[in-house]
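Trainee: I would like to learn how the terms used for a structure follow from their definitions. Could we go through one slowly together?

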Amino acid sequence: MSELKYKKKTVYEVVDKKIIDEAFAYSENYKKFLDTAKTEREAVNEAIRMALSAGYREYKLGEKISAGDKIFLNNRGKNLFLISVGSEPINEGIRISASHVDAPRIDLKQCPLYDEGGMAFFKTHYYGGIKKYQWVATPLALHGVIATADGNVIDVAIGEDDSDPIFYINDLLPHLDKEQSKRTVSEAIKGEQLNVLVGSRPDDEENSISLAVLKLLNEKYGIIEEDFLSAELCVVPALKARDAGFDRSMIAAYGHDDRVCAYPALTALLEQKETKHTVMCILADKEETGSDGPTGMQSILMLDLINELAANLGGNAALIRANSKCLSADVSVAYDPNFPEVFEKNNTPMLSCGAIFAKFTGSGGKYGTNDADAEYIAWLRRALSEDGVVWQTGELGRVDCGGGGTVAKYISKHNIETIDLGVPVVSMHAPCEIISKVDLYETFRAIRAFYKF
Ligand code: MN
Ligand code: MN
């Protein structure tokens with residue numbers, strides 16, 4: 001009678017050792033991707049490099065599209081659409097994966113630099129849902145671009161090479177934290193205290209540390225202080241992705257959310273020589289702040305692209321959308337035995353139990369969410385069973401404990417069947433997050449099966 005019961009199993013219990021070995025090998029390349037792609041711009045650059053070497057070519061709106069084309073559209077350097085035009089009629093629909101390549105971090109303000117008390121700092125405004133106390137007293141790297149008035153865009157990445165300096169946000173010593181330690185966790189470090197320490201040596205002429213910093217920046221990048229007005233600079237943890245645990249079964253890194261889904265979605269597409277279905281892999285920006293703006297998933301650009309596919313391939317855009325299927329590829333929480341009070345064990349993703357399907361996200365009575373159809377989940381069960389993919393269902397914590405959202409609702413509102421699929425993460429949104437290598441690889445296998453089935 002045991003086959004009547006459903007039991008969640010770990011990947012280790014289900015798959016052959018060969019698949020585990022593949023998962024560990026795949027993880028090596030994933031770690032390299034993480035180290036080269038700490039911001040959405042860097043992730044898009046790296047994805048373009050990978051796409052070009054897989055035979056993709058750049059496409060711009062208005063250009064001709066034909067069956068068999070492998071193209072990418074670069075949206076402002078922060079959002080990428082990769083499309084493999086399939087051999088079947090476009091009206092059969094598109095297989096879409098949508099993940100995001102932005103991650104929680106700390107952005108510089110437009111007038112960042114100042115001197116105070118023998119130090120120079122950058123003022124910041126944090127980006128996304130961070131726990132501010134986690135970002136102090138830890139090494140930070142500076143990444144981003146400075147767009148100068150003459151039309152140049154200067155790439156900045158300082159703090160990644162072992163010989164680079166790093167940056168830092170001060171915390172209060174325990175000897176003097178009597179008042180601070182009474183504050184709530186969210187108030188312990190306040191937003192305006194996230195000031196990044198950038199120097200302490202004054203220049204000779206004016207005894208100004210910030211001027212000395214500006215002189216160094218002028219020597220290195222040719223910029224003046226006014227150029228910060230048109231810059232996008234942020235600080236991220238100065239950490240490299242590392243194996244975690246004696247058994248090396250996990251990866252500790254900054255920014256798993258959501259490159260741990262973006263990388264599988266991208267590589268599962270790039271490895272296909274040609275596709276039967278038309279496949280669209282979207283690497284989106286601004287998910288962590290609500291998917292607004294022209295590079296977020298609330299932008300109309302995805303629809304514009306579907307319209308272009310329809311026009312070029314003799315299809316009907318409404319019919320294409322109605323027949324399309326989407327995986328909103330984003331992370332979820334992994335059950336954490338250190339905080340059992342926020343989980344409901346039967347319905348929470350477990351580490352090492354494979355890719356997670358979240359039928360819905362949202363909060364408090366399923367507000368603010370796509371809720372995938374039962375029929376669609378049944379179709380996915382069939383698609384994934386063909387390749388023996390190990391997957392689980394899961395919900396983001398106990399009912400009424402909190403909640404969260406993804407891009408799923410911004411895609412499904414266009415009459416596109418959508419579900420959330422992703423990797424369970426420990427310490428999500430922390431400067432250093434943990435994932436399991438086998439969950440990463442099952443997510444890759446799940447997305448690959450979805451593209452093909
Ligand atoms: Mn995410
Ligand atoms: Mn997130």
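Trainee: What makes Asp 257 and Glu 288 buried or exposed in this predicted model?
Mentor: A residue is called buried when its relative accessible area is under 20%. Asp 257 falls in that class, and Glu 288 does too, so by this cut-off each of them has a relative accessible area under 20%.

Trainee: Which atoms coordinate the manganese ion (ligand 2), and why are they called donors?
Mentor: The manganese ion (ligand 2) is held by an OD atom of Asp 257, by OE atoms of Glu 288, which is listed twice, and by NE2 of His 429, at 2.0 to 2.6 Å. A donor here is an N, O or S atom within 2.8 Å of the metal, so these atoms meet the definition. Along the sequence, the donor residues follow the spacing D-x30-E-x140-H. Asp 257 sits in helix α6 (residues 256–270), whereas Glu 288 lies in the loop between β14 (278–284) and α7 (301–313), and the two are 31 residues apart, so that the pair links distant parts of the chain.

Trainee: Which residue bridges the two manganese ions, ligand 2 and ligand 1?
Mentor: That residue is Asp 257, and the ions it bridges lie 3.3 Å apart.

Trainee: Why is strand β7 described as largely enclosed by the rest of the structure?
Mentor: Strand β7 covers residues 140–147, and because 7 of its 8 residues are buried, the strand is largely enclosed by the rest of the structure.

Trainee: How do you know that β7 pairs with β11 and with β8?
Mentor: Pairing requires at least two bridges between the strands. There are 7 bridges between β7 and strand β11 (residues 231–237), and 6 between β7 and strand β8 (residues 153–158), so both cases satisfy the requirement. With β11 the strands run antiparallel, and with β8 they also run antiparallel. As examples, Val 145 stands opposite Glu 232 in β11, while Ile 146 has Ile 154 in β8 as its bridge partner. β7 and β8 form a hairpin with 5 residues between them, and Gly 151 in the turn has a positive phi of about 100°.

Trainee: What makes up the lining of the second largest pocket, nonpolar, polar or charged residues?
Mentor: The lining holds 27 residues, divided into 19 nonpolar, 2 polar and 6 charged. Among those nearest the centre are Val 198 and Gly 199; Val counts as nonpolar and Gly as polar, so these two belong to separate classes. Helix α5 (209–221) supplies the largest share of the lining, 8 residues.

Key
Residues numbered from 1 in each chain as written. Chains lettered and ligands numbered in written order. Predicted model: local features only at pLDDT ≥ 70, side-chain atom pairs only at ≥ 80, totals over all residues. Heavy atoms only, no water. Buried < 20%, exposed > 50% of the residue type's maximum accessible area, 1.4 Å probe, protein only. Helix = DSSP H or I, 4+ residues; strand = E, 2+ residues; numbered from the N terminus. 1 Å grid on protein atoms, 1.4 Å probe; cavity = no way out; pocket = protein on both sides within 12 Å on 5 of 7 lines; lining within 4 Å. Donors = N, O, S within 2.8 Å, 3.2 Å for Na, K, Ca; no water.
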